[in-house]
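Me: I am new to this structure and would like a close look at a single part of it. Could you walk me through the place where two strands from separate chains meet?

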Amino acid sequence: MTNLWADIKNTDLVIIMGGNAAEAHPCGFKWVTEAKHYRKVKLIVVDPRFTRSAAMSDLFVQIRPGTDIAFLGGVIKYLVENDKIQKEYVANYTNASYIIRGDFKFEDGLFSGYDEAKRDYDRATWDYELGDDGFVKSDPTLQDPRCVYQLMKTHYARYTPEMVERITGAPKDKFLEVCKLIAETSAVDKVMTSMYALGWTQHSKGSQNIRTMAMIQLLLGNIGVSGGGMNALRGHSNIQGLTDIGLMSDLIPGYLTLARDREPDYATYMKTRGFKPLRPGQTSYWQNYDKFYVSFAKAMWGDAATKENDWAYDWLPKLDVAYDVLRAFELMHQGKMTGYFCQGFNPLLSFPNRRKLQTALEKLKFLVVMDPLATETSEYWQNYGEHNDVDPAKIQTEVFRLPTTVFAEENGSLVNSGRWLQWHFKGAEPPGEALPDIDIMARLFIRLRDLYRKEGGAFPDPFVNLTWNYEDPLSPKPEELARELNGKALADVVDPKDPTKMILRKGTQLSGFGELRNDGTTMSGCWLYTGSWTEAGNQMARRDNSDPGGLGLTPKWAWSWPANRRIMYNRASCDVNGKPFNPAKKQVWWDGERWTGYDVPDFVVTSKPEAGAGPFIMNPEGSARLFTRGLLRDGPFPEHYEPFEAPVANALHPKVGPNPVARVFKGDLEVFGKPQDFPHVATTYRLTEHFHFWTKHVQINAVLQPQEFVEIGEELAKEKGISGGDMVEVRSNRGRIKAVAVVTKRIKALTIDGKKIHTVGVPLHWGFTGATRKGFGANRLTPYVGDANTDTPEFKAFLVDVKKLGQATV
Amino acid sequence: MGAVTVSRRGLFKLTGAAVGASTLTALGFSPAAAQAAVRAFKLERTTETRNTCPYCSVGCGVIMYSMGDGAKNVKGKIIHIEGDPDHPTNRGTLCPKGAALIDFINSKTRLLYPQHRAPGAKEWTRITWDQAIDKIARLMKDDRDKNFIAKNADGQTVNRWISTGFLAASATSNETAWATYKVVRSLGMVVFDNQARV
């Protein structure tokens with residue numbers, strides 16, 4: 001979230017699209033209810049199903065799964081052509097006025113530079129035109145035909161209300177009603193909030209779904225503003241934290257990136273990470289990258305990381321390609337992997353194409369599962385009849401299952417969607433011999449380090465030199481690890497301008513990332529978390545819920561990254577002179593001498609408004625990007641591409657159907673289904689009563705939703721002779737499930753490009769372990785393809801067929 | 001709350017007694033008899049511990065009530081969990097998942113001991129932590145020593161290990177994440193991912 005949960009109460013319009021907060025985030029959705037009740041704001045829900053969020057809405061529009069960009073592209077066209085934009089904001093705080101290279105093009109569904117053989121673009125032309133001074137050229141009037149604003153206008157001119165209806169199935173008049181409501185928030189004192197989740201990410205163009213709404217929010221001046229923002233609801237309790245700390249193939253904590261093969265030394269690595277400002281007077285805060293990197297290396301290796309050895313540059317692996325989970329299982333499937341660890345993760349149910357996952361796991365030499373619960377992944381080798389029909393004798397994998405603690409049995413911090421780091425406390429001992437994950441990792445580390453010290457082996461240096469100076473090396477305390485993440489001074493740090501002035505004494509916990517150094521005198525595991533555990537103690541455990549300003553910011557409750565800032569980009573809530581656009585909802589402002597306010601200003605506090613620095617300080621431009629240059633693989637403007645399994649051709653450019661650069665592995669392409677065999681669109685989702693595959697182990701929730709079901713519209717049910725309660729089979733080109741049919745009014749048939757299309761709803765919670773009845777699981781159906789940028793699997797739009805199996809038995 | 005300052009615990013005691021008395025009065029007992037008959041509330045003897053819900057990322061505050069005084073031979077047990085009324089996001093409320101957290105802690109399918117399944121076996125075998133860590137460390141080292149890639153085909157130093165992978169969780173703490181990151185990355189592992197996508 002750019003904003004925070006309680007801030008939703010300050011909005012003037014809520015749009016929930018790509019999520020279903022009322023069911024998946026019920027206690028957060030209460031802030032929508034609050035806004036509706038006290039401030040009479042409207043709620044728009046756009047979704048393939050009439051969800052419980054929709055039941056609370058003032059305006060619901062059903063669309064076909066996988067057509068969000070077509071809908072939102074139509075909104076952009078409406079806003080631009082009806083002049084419903086926040087002009088001061090767009091002209092000054094976005095790259096609308098910047099001039100784009102003359103050789104950038106978009107034709108017949110493809111941007112310039114496409115290489116069909118590689119399924120990739122050469123993105124060189126997707127960039128700004130630079131002047132002789134090295135800065136981007138701009139036309140503040142937004143009239144130059146090569147400026148971003150004009151190119152955007154041309155790009156979305158094709159997204160007429162008629163085209164929106166043809167692709168999405170949303171009636172033109174309903175679509176225009178949505179446009180009108182959204183357009184009202186272009187007023188300087190009106191704001192809309194966008195709430196989304198995996199309904200947008202789980203598509204082969206997931207990143208671009210989100211980008212399209214981000215563009216709308218920028219055109220309306222709704223980013224950085226209380227009650228506004230792009231609010232990713234996030235699926236799991238600490239997926240924000242796990243990502244912040246870089247537990248992904250290509251990351252270093254704090255969104256730094258692992259080096260590539262072609263970057264042989266630190267100097268080369270830093271060459272592309274200099275972040276030289278692209279416009280005069282800009283902050284370009286990533287210019288501090290080297291301070292974050294060096295402080296991280298010092299946290300990993302202490303005295304062993306020196307300037308002379310390039311801060312242990314070669315001790316981190318280099319990447320040739322990103323090894324996301326889909327690639328991992330592809331490699332496993334090819335027999336190229338020996339071992340795999342699953343820490344609190346149940347991939348056998350979580351990733352697409354169960355058959356492929358099962359075959360892949362069978363090729364492993366060893367599998368280690370660390371989990372509090374008996375997951376399906378840990379028992380993939382066990383026969384569970386039709387729900388897991390395997391022969392254990394034929395599966396040669398050695399499997400370990402290690403019991404871990406749950407939240408109630410440990411101290412530590414989780415990061416919620418609003419970027420709050422909240423500390424929690426242990427309230428009970430774990431059952432049996434269960435151990436905290438930290439202890440398991442520590443025991444493995446110590447044992448392996450002993451082996452490397454004794455036997456030697458492949459490149460042991462980074463491992464045997466890893467800093468592990470905890471009081472009990474076999475059981476580091478969460479508090480010790482949290483202090484390490486925050487960082488401290490490793491030597492006395494003096495003011496570079498006046499060496500007689502001591503800034504930090506050796507050993508001091510740092511109070512903010514502004515104190516980090518690139519000379520090895522500071523360390524910090526994750527620069528973004530600097531300030532979370534200072535000399536004043538654990539800031540994440542703070543419990544003062546006072547709310548100066550009344551916006552719900554509660555700045556002394558827990559701690560929020562970055563720098564305890566509650567609303568990101570908040571400088572953009574003020575005009576160019578530093579005065580709040582909406583004085584009734586003041587967040588930060590220029591008081592004549594400095595930036596101040598109820599929130600921590602997202603700006604250099606002494607930077608005078610007349611100096612002209614832009615509010616998006618992380619970008620070298622200082623402005624937000626309506627045109628993303630080459631930063632996304634599939635285009636600088638979002639374009640509607642069909643899902644990989646679609647019931648119709650792409651109405652905008654029939655020759656380019658799905659995302660032309662999304663990665664498809666050999667063998668997966670062959671099992672995409674065709675509409676003549678699988679005529680219905682399906683989408684997966686969660687229920688209010690269940691959380692993924694955990695709560696089927698929880699007695700109460702297992703009673704509330706005991707059995708696997710699918711949702712089918714009344715019209716399709718009638719066509720197939722299916723009544724509510726009948727057993728049905730849902731089949732894709734990869735597998736089939738048997739489930740109870742819920743016949744519903746909540747999913748209507750849509751007319752898409754003149755063709756009647758039904759949508760089938762497939763909730764995802766059942767497997768073969770736990771307290772519910774056994775189920776087959778939605779991922780037997782889903783396709784093995786991901787978003788072109790993040791490789792998030794396309795769970796939200798695929799093709800199936802439905803067949804009645806038998807009468808209701810209950 | 002006006003001028004009177006009452007701690008949450010104190011307030012609970014006051015209202016608890018008042019509700020007990022008035023309910024019994026409504027049932028026809030006289031106040032004097034009622035006060036003699038009301039049992040002490042179970043929650044009064046518990047310890048309150050603050051935590052946050054481990055499911056979605058709204059991050060609702062919860063209060064866990066546990067029995068046991070922390071003495072050496074006493075095993076604390078959580079007997080009740082409810083929303084934290086002071087929490088600025090959920091303000092005391094919980095959803096159907098959060099409200100059932102007690103059953104997650106006490107789930108019948110919670111794992112209690114390290115287990116091992118030999119190749120081709122039909123059953124689990126219980127093993128000790130030491131046995132588990134020994135075997136896993138050996139498997140890891142053998143694979144790493146055999147398949148570690150120090151240089152790529154072009155002779156560039158890459159120092160990566162791709163034949164063993166690690167899937168990190170979505171609900172472990174930042175502190176677990178950091179300990180995990182340190183171990184996994186210093187081994188050169190790059191087949192490393194979390195649950196952000198699903």
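Reply: Strand β14 of chain A (residues 398-403) and strand β4 of chain B (residues 115-117) run antiparallel and are joined by three bridges. Strands here are DSSP runs of E with at least two residues, helices are runs of H or I with at least four, and both are numbered from the N terminus; two strands pair if DSSP finds at least two bridges between them. Within this pairing, R401(A) stands opposite Q115(B) in β4(B).

A word on the source: this is a predicted model, in which local features need pLDDT of at least 70, side-chain atom pairs count only at pLDDT 80 or more, and totals for chains, interfaces and linings use all residues. Residues are numbered from 1 along each chain as its sequence is written, while chains are lettered from A and ligands numbered from 1 in the order in which they are written.

Now step back to the sheet around those strands. It is an open sheet of seven strands with mixed pairing, in the order β5(B)-β4(B)-β14(A)-β13(A)-β12(A)-β8(B)-β9(B). At its edges stand β5 (125-126) and β9 (192-193) of chain B, each with a single partner strand, so one side of each has no neighbour in the sheet.

As for the chain that supplies β14, chain A has 21 helices and 33 strands. Of its 810 residues, 60% count as buried, meaning that 20 or more other C-beta atoms, placed from the backbone, lie within 10 Å of the residue's own (12 or fewer is exposed, in between is partly exposed). The C-alpha atoms of chain A fill a box of roughly 85 × 70 × 55 Å along the principal axes.
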